[in-house]
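Below are some notes for a colleague who is opening this entry for the first time. Please read them with the structure on screen.

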Amino acid sequence: MAQLSILHFPDPRLRKRALPVETVDESVRALVDDLLETMYAAPGIGLAATQVNVQKRIVVMDVSEGKNQPLVFINPTVLGQTGETETDEGCLSVPGFYEAVRRAERVRVSALDRDGEPFEIDASGLLAVCIQHEIDHLDGKLFVDHLSMLKRDRIRRKLEKQSRHEARAA
Ligand code: QAP
Ligand code: CO
């Protein structure tokens with residue numbers, strides 16, 4: 001197992017579209033485990049492979065209180081969505097910033113699990129919001145894309161300044 005390093009907005013690699021996983025083999029399972037380890041260490045409630053510069057359609061999540069209910073979605077597809085809800089979202093790729101985003105309130109999603117078995121789930125609440133946020137990552141989208149250009153540019157400038165400082169300190 002290994003912790004992977006997370007790309008930060010506005011890194012252009014966060015804009016790449018991830019490709020479907022063809023076979024859930026040992027290498028995919030190893031990546032899933034590294035994603036979970038990286039998410040728990042952060043700590044975060046969701047992480048997409050795109051955020052660690054891997055262009056595969058894999059996301060991991062854990063929205064449980066005890067942080068003991070890992071969820072794995074390989075090749076996730078939204079089958080349907082209903083309602084509307086607004087939630088303050090954050091992102092491990094946009095550290096330190098939280099903003100309200102409007103999304104569907106409930107989603108039905110199909111995916112493969114860590115063993116490559118297909119499953120479907122009806123998600124609501126934070127899980128529904130998190131799944132939509134993570135699937136966006138696989139399509140090169142970030143929660144800041146849902147904000148006004150003014151807010152997005154303000155966040156971009158602050159994070160660019162921060163990464164310049166980090167580059168100098170390193
Ligand atoms: C996506 O985000 C999410 O800024 C997962 O300094 C978040 O795990 C979906 C994190 C909220 C819906 C609602 C963010 C950690 C973690 C930060 C995360 C930070 C440290 C974000
Ligand atoms: Co995110």
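1. The cobalt ion (ligand 2) has as its protein donors Cys91 through SG, His133 through NE2 and His137 through NE2. These donors lie 2.1 to 2.2 Å from the ion. Bear in mind that this is a predicted model, and that water is not among the atoms, so the site may look incomplete.

2. How are the donors of the cobalt ion spaced along the chain? The pattern is C-x41-H-x3-H. Cys91 belongs to the loop between β4 and β5 (99-103), whereas His133 is part of helix α2, so this pair ties together parts of the chain that are 42 residues apart in sequence.

3. Ligand 1 has 19 residues around it. Which of them come nearest? They are Gly44, Ile45, Leu92, Gly96 and Tyr98.

4. Oxygen atoms of ligand 1 have polar partners in the protein, and three of these pairs are worth checking on screen. With Ile45, the partner is a polar backbone atom, and the distance is 2.8 Å. With Gly96, a backbone N or O atom is 2.7 Å from a ligand oxygen. With Tyr98, the partner is instead a polar atom of the side chain, at 3.2 Å. On its own, ligand 1 has 500 Å² of accessible area, and the protein covers 83% of this.

5. Where does ligand 1 sit? Its place is in the largest pocket. Among the elements that each supply at least two residues of the shell around ligand 1 are β4 (85-89) and α2 (125-138). Helix α2 gives the largest share of that shell, with five residues. Helix α2 also holds His133, one of the donors of the cobalt ion.

6. By residue type, the shell around ligand 1 contains eleven nonpolar, five polar and three charged residues.

7. Some backbone details deserve a look as well. The peptide bond that joins Phe9 and Pro10 is cis, with an omega of about 5°. Pro10 is found in the segment before α1 (26-41). Another cis peptide bond runs from Ala42 to Pro43, where omega is near -10°. Pro43 is placed in the loop between α1 and β1 (46-48).

8. Asn53 is not a glycine, yet its phi is positive, at about 65°. This residue, Asn53, is in the loop between β1 and β2 (58-61).

Conventions. Residues numbered from 1 in each chain as written. Chains lettered and ligands numbered in written order. Predicted model: local features only at pLDDT ≥ 70, side-chain atom pairs only at ≥ 80, totals over all residues. Heavy atoms only, no water. Near = heavy atom within 4 Å. Polar contact = N/O pair within 3.5 Å; in protein donor to acceptor, adjacent residues only side chain to side chain. Areas by Shrake-Rupley, 256 points an atom, 1.4 Å probe, with all protein chains shown as cover. 1 Å grid on protein atoms, 1.4 Å probe; cavity = no way out; pocket = protein on both sides within 12 Å on 5 of 7 lines; lining within 4 Å. Sits in = over half its atoms within 2 Å of the grid points. Helix = DSSP H or I, 4+ residues; strand = E, 2+ residues; numbered from the N terminus. Nonpolar A, V, L, I, M, F, W, Y, C, P; charged D, E, K, R; others polar. Donors = N, O, S within 2.8 Å, 3.2 Å for Na, K, Ca; no water.
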